[in-house]
Amino acid sequence: MAEALEPGRAVSIPLLELSDKRGLGRRREWRTLAARSGAYVGVFEPFVNGLNDPDLNQLVWERQIETVRQALARDPQAAEQLRNDFVAQRGEEAAADLMEMMLGYDQEAIGATRQERKEGVLPQLIRWLDSDQLDYRVLALYNLNQITGTRNQGNYRPTHTAQQRQRSLRIYWDRLEKDEL
């Protein structure tokens with residue numbers, strides 16, 4: 001990685017090269033490091049690409065999401081760059097959903113009563129766990145874990161097939177119905 005990043009040279013191009021599975025980023029560790037490093041300097045494309053990388057795992061995604069959230073907290077203007085990278089890769093509608101999940105949810109969005117929780121953001125997050133898009137599933141799981149204070153209820157994995165996800169989704173829906181989330 002140090003060889004790819006030369007002093008006095010812009011870091012955006014080497015970080016993009018290190019995040020490309022077909023090039024310098026053949027090693028998962030390099031792609032992961034490129035995504036986290038990019039967040040510190042406002043280069044979010046490696047992170048956006050990583051959200052759709054089935055070779056990564058939940059722990060890697062969690063660290064990357066936390067790094068990006070820290071970058072957004074340090075520099076509010078970074079949110080616009082992240083949004084632009086989401087738009088470039090996924091379009092306006094998906095970018096709005098993904099940015100919503102990246103920014104997280106407050107108590108008002110979650111709900112304070114049982115009825116509010118059933119009508120708040122929790123059902124949408126559970127629906128996104130069954131999205132065809134990996135980035136939706138990764139961010140939805142991260143947010144559900146943050147909201148509930150638990151990790152991976154029902155052995156859910158964003159990389160599972162739609163059929164494999166069904167058992168875990170039933171557990172989430174059941175827990176929402178019982179007000180256990």
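# A guided tour of an all-helical chain

The accessible surface of the chain comes to about 9,600 Å², and carbon and sulfur atoms account for 47% of that area, the areas being computed by the Shrake-Rupley method with a 1.4 Å probe and, for residues, with only the protein chains shown counting as cover. This is a predicted model, in which local features need pLDDT of at least 70 and side-chain atom pairs count only at pLDDT 80 or more, while totals for chains, interfaces and linings use all residues. Residues are numbered from 1 along each chain as its sequence is written, and side-chain values use heavy atoms, with hydrogens and water left out.

**Whole chain.** Begin with a cartoon view, where the chain shows eleven helices and zero strands; helices (H or I, at least four residues) and strands (E, at least two) are DSSP runs numbered from the N terminus. Of the 181 residues, 44% count as buried, a term that means under 20% relative accessible area, with exposed meaning over 50% and partly exposed lying in between (1.4 Å probe, protein chains only). Of the contacts between residues at least 6 apart in sequence, 59% join residues at least 24 apart, where contact means heavy atoms within 4.5 Å.

**Helix H4.** Select residues 58-74, which form H4. H4 has 17 residues and reaches 24 Å from its first C-alpha to its last, close to the 24 Å expected at 1.5 Å a residue, the expected span being 1.5 Å times one less than the number of residues. Colour its buried residues, which are Gln58, Val60, Trp61, Glu62, Gln64, Ile65, Thr67, Val68, Ala71 and Leu72, and then display what covers them, which includes H2, H3, H5, H6 and H10.

**From H4 to H2.** Go next to Thr32, which lies in helix H2 (residues 28-40) and, at 14% relative accessibility, counts as buried. Beyond its neighbours within four places in sequence, Thr32 is in contact with Leu56, Val60 and Gln64; Val60 and Gln64 are among the buried residues of H4.

**From H4 to H10.** Add helix H10 (residues 134-148), whose axis comes within 11 Å of that of H4 and crosses it at roughly 80°. The axes are lines fitted to C-alpha atoms, for helices over the stretch in contact, and angles run from 0 to 180 degrees between N-to-C directions. The two helices, H4 and H10, are therefore roughly perpendicular to each other, given that angles under 35 degrees count as roughly parallel, over 145 as roughly antiparallel, 65 to 115 as roughly perpendicular and the rest as oblique. With side chains shown, Gln58, Trp61, Glu62, Ile65, Glu66 and Arg69 in H4 meet a set of H10 residues that includes Leu134, Val138, Tyr142 and Gln146.

**From H4 to H5.** Keep H4 and select H5 as its partner: the two pack at an angle of about 135°, with their axes 8 Å apart, and are therefore oblique to each other. In this pairing Val68, Ala71 and Leu72 of H4 meet Ala78, Ala79 and Leu82 of H5.

Now view H5 (residues 78-90) alone; its 13 residues should span 18 Å at 1.5 Å a residue, and its end C-alpha atoms are 18 Å apart, which agrees. Its buried residues are Ala78, Ala79, Leu82, Asp85 and Phe86. Seen down the axis of H5, these buried residues fall within an arc of 125°, so they line one face of the helix, the arc being that of the directions from the helix axis to the C-beta atoms. Their cover includes helix H3 (45-50), H4 and helix H6 (92-103). Just after H5, pick Gly91, which takes a positive phi of about 95°.

**The loop between H6 and H7.** Select Tyr105, in the loop between H6 and helix H7 (107-110); Tyr105 is buried, with a relative accessible area of 18%. Its contacts, leaving aside neighbours within four places in sequence, are with Glu100, Ile110, Val121, Leu125, Trp128, Asn143 and Ile147. Tyr105 and Val121 are 16 residues apart in sequence and 8.1 Å apart in space, C-alpha to C-alpha.

In this loop, Asp106 also has its place; Asp106 is partly exposed, with a relative accessible area of 48%. The C-alpha atoms of Asp106 and Val121 are separated by 9.8 Å, the two being 15 residues apart along the chain.

**After H11.** Finish at Asp179, in the segment after helix H11 (162-177). Most residues other than glycine have a negative phi. Asp179 has a positive phi of about 60° although it is not a glycine, and at 26% relative accessibility Asp179 counts as partly exposed.
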